[in-house]
Amino acid sequence: MTLLEQFRLWLATILPGWEWLAYVVPAIVGIVVILGFVLTMVIVFIWYERRLLGRFQIRLGPNRLGPEGVFQPIATAVKILLKEDVVPEKGDKVLHWLAPVIVFVPVLMIFAVVPFGERAILADLNVGIVYVVAISSISVVGIYAAGWASNNKYALISALRTVAQMVSYELPLILAIVGVVLMAGSLSMTQIVASQDIPFFILQPLGFVIFFLGTLAELNRCPFDLLEADSEIVAGYHIEYSGMKFAMFYLGEYGHALAYSCIIATLFLGGWQGPLLPPIMWLVIKALVVFSTIVWIRGTLPRLRVDQLMAFAWKGLLPMAIINLFMIAAEVLWLPETMLWIMGAVNLILAAGLILMWSKLFTLGGGRVEV
Amino acid sequence: MKFERYGIGIAKGMAITFKHLFRPPITVQYPEEKLVVSRRIRGNELVWFPDRCTGCATCAKSCPQGNIEIATHVGSENNYVVDKFELDAGRCMFCGLCVESCPYEALAMGVSYEQAQYRRGDLVWSKEELQPLNKRPSGYARPEIEAALPKQSLLIYGDKERDEGGQKLRLIPLSKKRGRGV
Amino acid sequence: MAIRTEPFILNVGPQHPSTHGVFRLRVTLDGEVVVDVEPVVGYLHRGIEKLAEGRTYTQNIPFTDRLDYLASMTNNFAYVLAVEKLAQIEVPERAEYLRIIMAEMMRIASHLMAIGFFLNDLGAMMTPVLYMWREREKLLDLFEMVCGQRLTYNYMRIGGVSQDIPEEFLPALKKFVAEMPTFIDEYEWLLSQNEILLARTKGVGILPRDVAINIAASGPVLRASGVKWDIRKADPYSIYDRFDFEVPVGNVGDCYDRYWVRMQEMRQSVRILEQALEQLPGGEVYAKVPQLLRPPAGEVYGHIEAPKGELGFYLVSDNSIAPYRFHIRPPTLINLTALKDMVIGWKVADLIVTFGSMDVCLGEIDR
């Protein structure tokens, strides 16, 4: 029973005859708490990424506003909100308005099933992880709409790249999740966390790597940031956006990063579990560790080309994910529950072997088309 | 069978960026921290010494832009008296050829580089504005001035060897100004 | 049912983050695939060739700074060499060495910039650029120490250099020369074996050897295609015949080879710097040359190996104080003529990478 349900039952006992109120009040309280958490954390993440990226690049990053520049995201937000809202004259005006909303809302909806503690979860759905996958892919529709409605060729290229990328990377992502689900024996997020006495990234390293790479592609982060490749298609889908609408994309991007950092922490790093500190702190710390890795990768790696991106998903990640899934299924079926460490070792060897084998498929110099 | 492209290159690159996380930043917080410029700096400033100038206009002839305007009349001791010495900093490219060509060392480049103006008209320097009242002449083509100027700060010496002319000279401590959004 | 598609035209530039200046590529795309490319140049045209005809030989030196503004020192060098050839002026020994030192420092600085922005075009967001700028900054500090400016040096003069180096210059440069190989190793570690970089650049944007020769390409672009042609070796100007260095040569002519050749050239430049620092003699730095030089009537073509290729100055003198004709052979404009052959059929991302690997400088192309 989650804290919110308990709150509702308690309200129902003190307000007899007002049962509808007992449903509405906890819902509003939950939404406000989640929104507060998301917006605060997004601001922290924006600041954190800029500072950390700065340090990776031997510079300081924003440090003017407030101690160590913590108020810089707020200044950025104020600046963005005060900007003029420009709508392309020949664009699709309704879609142009709607696209940022479609991008931003699903990101908030993901947080409904992120467990912040043992009972601190907005809705403990029994199909929690399926819900996450289903909801998060709605954002693609928004990005596609933005690219289409902008009436800009750069935006259109970006939109089409996005769709191809998302469809491709959803598959290995889900197959990696299935491995987790098999081991946890439940689709519910709280159950998945509860079953991680040993974090799953030790038990299934390959699944973790595949999920992490799939997440990078879902988040459009480097090295899969083809849709906003600033050196090729300038800014991609949000090239024609400014003001509040651009802020929605910006928030959506970092909200998505926060959501997926939390989900990686939940699925593979043991979620809110941890000694001494309160559960929410552990979740935030783990999410920050994941996000730091994402920033680190962004600070190092170049970008893939669009056909290489597709090849990596379909020829690299997907077969590996399938092999990984069968391996884990076999281990769950035949290995006794007490021999988890054998499972971890076997999976580690499997991961190394598969990666080495697939490195033989690495070819150079392809990609030219006769025209 | 040799395995080479399994991600080792990516790992090496990540190691390098991680190493840089612990290196000191190389940027300078400009309005608060300023570097000591070269002793021979050709700053956005020209210094004109009226007592040394004979009005020979060699500088005007040597200017590639034809940017220096000199008007003189013959004075009482059969010398030139400079009526007008005008220079448009908006057109000047600070090549230093006028300073090099001056036979009487009456011109020098300046050390200052903060000469932005809001209007182009303000960039035209008249005789009075060119005089060395509040200016520091630089040592460009003027060895005796050069010797008196402070040593340039060099990035190559880093923070530890600052005595040998290291990177930073903190004119204003950063902490006091921080948070004011200068 | 077949889907009907049609190519569309995309203007890459004149305002685009990866065109390294104001350059416009009118690209015809079929989806992501480049079908046709039409470069449009001239956005930065300042008429330097015409301007130079109205100025004396010395007054033109600051204008050459504005050609390839990432390697101003070599522009000065090429111009004064041409004028000295025209007027038959002997340059003091120390000035020759200082020129070589400056030119090789400039080559390192220019290649650092080229490699950094090439990697930035590949999507390694700003990190390699900032690492390489750190070393470029050290060099710019030294240039500033010598001639008072960081971008437009105006250091070389007809008959020597404008001023002798200050006393703190040599220790700082020696420290740089000692440190630089470590930093080059670090750059190689950063991305040279990176799988993504290899996938993006190996075999991409190939400039075949015969095409490279036919279009008169020069510099690292030509050498990456496997032609061992370096004017420092082929037609040694100044005192380059006194130094021991190698000319790195690629074998395929793809983007990776161009990147690799630049990396190796920096190592060779460090070697030349080491030798030049050892041999540096004392003495004068400026030959006695009249203020208003009047070279004998005639014409001359002086060329040097600039960081980006063969930079040539063609001067015609009519025995007056200003050149009658002042023509510049910019290396990057001529290298750029190969771009179309190199990118047709590749993706738009490869177009950007190939263009970045050419290391163009628009100040030089448009003049």
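This text walks through a predicted model, from its confidence scores to two sheets and a surface patch.

Start with the scores. The predictor assigns the complex an ipTM of 0.84 and a pTM of 0.87. Chain A has a mean pLDDT of 83, with 99% of its residues at 70 or more. Chain C averages 87, and 100% of its residues score at least 70. Within chain A, the score varies by element. Helix H1 (residues 3-14) of chain A has the lowest confidence there, at a mean of 77. Helix H10 (residues 205-218) of chain A has the highest, at 88. A general caution applies when reading such values: where pLDDT is low, the predicted coordinates should not be read in detail.

Now turn to chain C. Three of its strands make an open sheet, ordered S6-S7-S8, and the pairing is antiparallel. Strand S6 (298-306) and strand S8 (325-329) of chain C lie at the edges, each pairing on one side only. On average, neighbouring strands of this sheet are turned by 10° against each other, with direction ignored. A helix packs on this sheet: helix H3 (residues 72-87) of chain C, which touches S6, S7 and S8 of chain C. The direction of H3 makes about 150° with that of S6(C).

Look next at one pairing within that sheet. S6(C) and strand S7 (residues 309-317) of chain C run antiparallel and are joined by nine bridges. To find a point of reference in the pairing, take C:Tyr301: its bridge partner in S7(C) is C:Tyr314.

Chain B offers another open sheet. Its three strands follow the order S3-S4-S6 (chain B), again with antiparallel pairing. The edges are strand S3 (68-74) and strand S6 (124-125) of chain B; each pairs on one side only. Strand S4 (residues 80-88) of chain B pairs with S6(B) through two bridges, in the antiparallel sense. That count sits right at the threshold, because two strands pair if DSSP finds at least two bridges between them. On the residue level, B:Leu87 has B:Trp125 in S6(B) as its bridge partner.

Finish on the surface of chain A. Six residues make a nonpolar patch there: A:Trp18, A:Trp20, A:Tyr23, A:Val24, A:Ile28 and A:Val32. The patch covers about 670 Å². One of its members, A:Ile28, is placed in helix H2 (residues 19-56) of chain A.

Technical notes:
Residues numbered from 1 in each chain as written. Chains lettered and ligands numbered in written order. Predicted model: local features only at pLDDT ≥ 70, side-chain atom pairs only at ≥ 80, totals over all residues. Heavy atoms only, no water. pLDDT = per-residue confidence, 0-100. Helix = DSSP H or I, 4+ residues; strand = E, 2+ residues; numbered from the N terminus. Axes fitted to C-alpha atoms, helices over the stretch in contact; angles between N-to-C directions. Contact = heavy atoms within 4.5 Å. Patch = residues over 30% accessible without salt bridge, like charges linked within 9 Å, V, L, I, M, F, W, Y side chains within 5 Å. Areas by Shrake-Rupley, 256 points an atom, 1.4 Å probe, with all protein chains shown as cover. Salt bridge = Lys/Arg side-chain N within 4 Å of Asp/Glu carboxyl O.
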